[in-house]
Amino acid sequence: MARSDNKKLEAFVKWFRSATPFIHEFGERTIVIAFGGEVLTDGDMMQLAHDINVLVSLEIRVVLVHGTRPQIEEQLKQHGVQSKYAEGRRITDADGLKCVKEANGIARMEIEATLSTELANSPMAGADIRVSSGNFITAKPFGVRNGVDFIHTGEVRKVDVEGITRRLDDDEVVLLSPIGFSPTGDIFNLTLEDVATSVAIAMKAEKLIFLTETMGATDSRNKLVGEVTALQAQELLGSSPQAEDIRYYLPAAIRAVREGVKRAHLISRHVDGALLIELFTHHGIGTMVVLESPDKLRNATLNDVDGILALIDPLAERGILVARSRESIEKEIDRFVVLAHEDEVIGCAAMNPYQGEKLAELACLAVNPFYRDGGRGERILAHIEKRAKDRNFKTLFVLSTQTTQWFVERGFAEADVNALPAERREKYNHERNSKVYTKAL
Ligand code: 1C4
């Protein structure tokens, strides 16, 4: 076997093992996956079916909600029906409703056909996915708003939790269309995000996932935002322009986590395997909305030593941090704080006290590259500053070779090596030639 093949196999084994905690976590939990009708028109449904098949094989309870925008547009065009919009919603009149019914029928049939694939020599071999659709959504009219009658455009009124639960208990995948029925037998055209969010909330889903056209929500500099609390997501909507579908999905994600869904994700449908990356790797892709940040800043314990080493060793190799042995960290563990993202150490720092001179050193400051630029470094710094102040230290100092500007921007000023406490001065590594910065507390 070629060496490169060996490497690929090693990587595969490593990845598979690292996915185990997620497989344990999501098994038998409910995940709602919402995707626009574009997945069908662009020919990406088979790719998505492969990933859904993986989830089903891991006994994850899957509810799919599909959109139909391009299918409805096509039907309207074919039937010469004019589209009318108000308040960002389609007004569905009698002719429009005929098109909505046809579009939903076509979309649903195509999805069911794809999920029924069992081709040998393909990831769907032996899949045997049973799909269940039905009248699980009760709807009410959107009504007359600002004088505009939305006629057959509606909103979710009730979700048949018991009915969906029974289907999921029977190991079926539930497929929902963005239409609902009223007790009077009327049909209403609903939005994909309303159905997906209402179902995720009603089913107390573990996750609500929207497959999006872009990578996710962006900040004011157009940079992808990885993880946000509901409050931060709300602020983003007010302060940063978002792609069109994100403008619909982000408020839906906020609503979902505020009403009990554990996490809501916005991930690109254009990345092959996006669903699997999001669910089975530590860092995922796209934007994740949570109610509160799972980051906890706390004193380190001996259980954190492996995590601290994993974080700082690569930085020490590059000369950014000073190398530290496991023993030295264990011995001085009381000086360390860690920022933990659930069980993963994603940031750390230590405070070295020089009691006599009332000076404290901020050392070993690091944040996992994936989590940078989210204010975490600043949060750790503020914590160490407070800790030093509470213990009556008058000045905080740092030694740095490559991060000097970061400290200057946070109130530190360059100082002479002589500003260091005598004990620290003796240990100063002249070969390293680090710069010294101080900040009065
Ligand atoms: N210079 C200037 N700005 C920087 C920067 C740098 N090297 N690195 C990041 N930034 C900027 C970002 O561009 C961003 O700017 P923006 O977009 O807000 O305008 C901002 O900082 C992000 O700030 P944040 O609050 O979101 O912070 P995080 O990204 O969460 O974390 C760290 C900032 C610097 C902690 C992070 O980038 C990191 O882990 N870097 C690698 C490790 C590092 O440089 N740590 C600082 C070490 S100095 C050593 C020791 O071992 O004790 C060496 C001792 C010796 O003898 O030399 C220390 C203290 O640990 N000393």
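## Salt bridges at partly exposed positions

Arg167 is partly exposed, with a relative accessible area of 23%. In this predicted model, its side chain meets that of Asp170 in a salt bridge, with a distance of 3.2 Å from N to O. Asp170 is likewise classed as partly exposed, and its relative accessible area is 38%. Side chains of opposite charge can pair when their charged atoms come close.

A second pair joins Asp93 and Lys84, whose closest N and O atoms are 3.8 Å apart. Asp93 counts as partly exposed because its relative accessibility is 21%, and the class of buried residues is reserved for values under 20%. Lys84 has a relative accessibility of 45% and is also partly exposed.

## A buried pair and a charged network

Lys439 and Glu385 form a salt bridge in which the closest N and O atoms lie 2.9 Å apart. Lys439 belongs to strand E23, residues 435-440, and Glu385 to helix H13, so this pair ties together parts that are 54 residues apart in sequence. Both Lys439 and Glu385 are buried.

The structure holds 29 salt bridges. A network of such bridges links Asp42, Asp44, Glu213 and Arg269.

## The ligand site

The shell around the ligand comprises 28 residues, of which Leu365, Gly375, Thr403, Arg432 and Ser434 come nearest. By character, the shell divides into 12 nonpolar, eight polar and eight charged residues. At least two shell residues are supplied by each of four elements: strand E20 (359-367), helix H13 (376-390), strand E21 (395-400) and helix H14 (404-408). Strand E20 provides the largest share, with five residues. Helix H13, one of these four elements, is also the helix that holds Glu385 of the buried salt bridge to Lys439.

Which atoms of Gln402, Thr403 and Trp406 lie close to polar atoms of the ligand? For Gln402, a backbone N or O atom lies 3.1 Å from a nitrogen atom of the ligand. Thr403 places a polar side-chain atom 2.6 Å from a ligand oxygen atom. In Trp406, an N or O atom of the side chain is 3.1 Å from an oxygen atom of the ligand. Taken alone, the ligand exposes 1,200 Å², and the protein buries 80% of that area.

## Ser177 and helix H7

Is Ser177 buried or exposed? Ser177 lies in the loop between strand E10 (173-176) and strand E11 (179-181). With a relative accessible area of 4%, Ser177 is buried, because that value falls under the 20% limit. The side chain of Ser177 makes a polar contact of 2.7 Å with the side chain of His66. Leaving aside residues up to four places away in sequence, Ser177 touches His66, Asn104, Arg108 and Val195.

Val195 is one of the buried residues of helix H7. Helix H7 spans residues 192-202 and is mostly covered, with 10 of its 11 residues buried. The buried set also includes the charged residues Glu193 and Asp194, along with Leu192, Ala196, Thr197 and Ser198. After H7 comes Lys204, which has a positive phi near 50°.

## An exposed loop position

Asn135 is found in the loop between strand E5 (131-132) and strand E6 (137-141). Its relative accessible area is 59%, so Asn135 is classed as exposed, a class that begins over 50%. The C-alpha atoms of Asn135 and Phe407 are 60 Å apart in space, and the two residues are separated by 272 residues in sequence. Phe407 falls within the range of helix H14 (404-408), which contributes to the ligand shell.

## The chain as a whole

The chain contains 15 helices and 23 strands. Its C-alpha trace spans about 85 × 65 × 35 Å along the principal axes. Of the 441 residues in the chain, 49% are buried. The chain exposes about 22,200 Å², and carbon and sulfur atoms supply 49% of that area.

Among contacts in the chain with a separation of 6 or more, 70% join residues 24 or more positions apart. The salt bridge between Lys439 and Glu385 ties together parts that are 54 residues apart in sequence.

Technical notes:
Residues numbered from 1 in each chain as written. Heavy atoms only, no water. Near = heavy atom within 4 Å. Polar contact = N/O pair within 3.5 Å; in protein donor to acceptor, adjacent residues only side chain to side chain. Areas by Shrake-Rupley, 256 points an atom, 1.4 Å probe, with all protein chains shown as cover. Buried < 20%, exposed > 50% of the residue type's maximum accessible area, 1.4 Å probe, protein only. Contact = heavy atoms within 4.5 Å. Salt bridge = Lys/Arg side-chain N within 4 Å of Asp/Glu carboxyl O.
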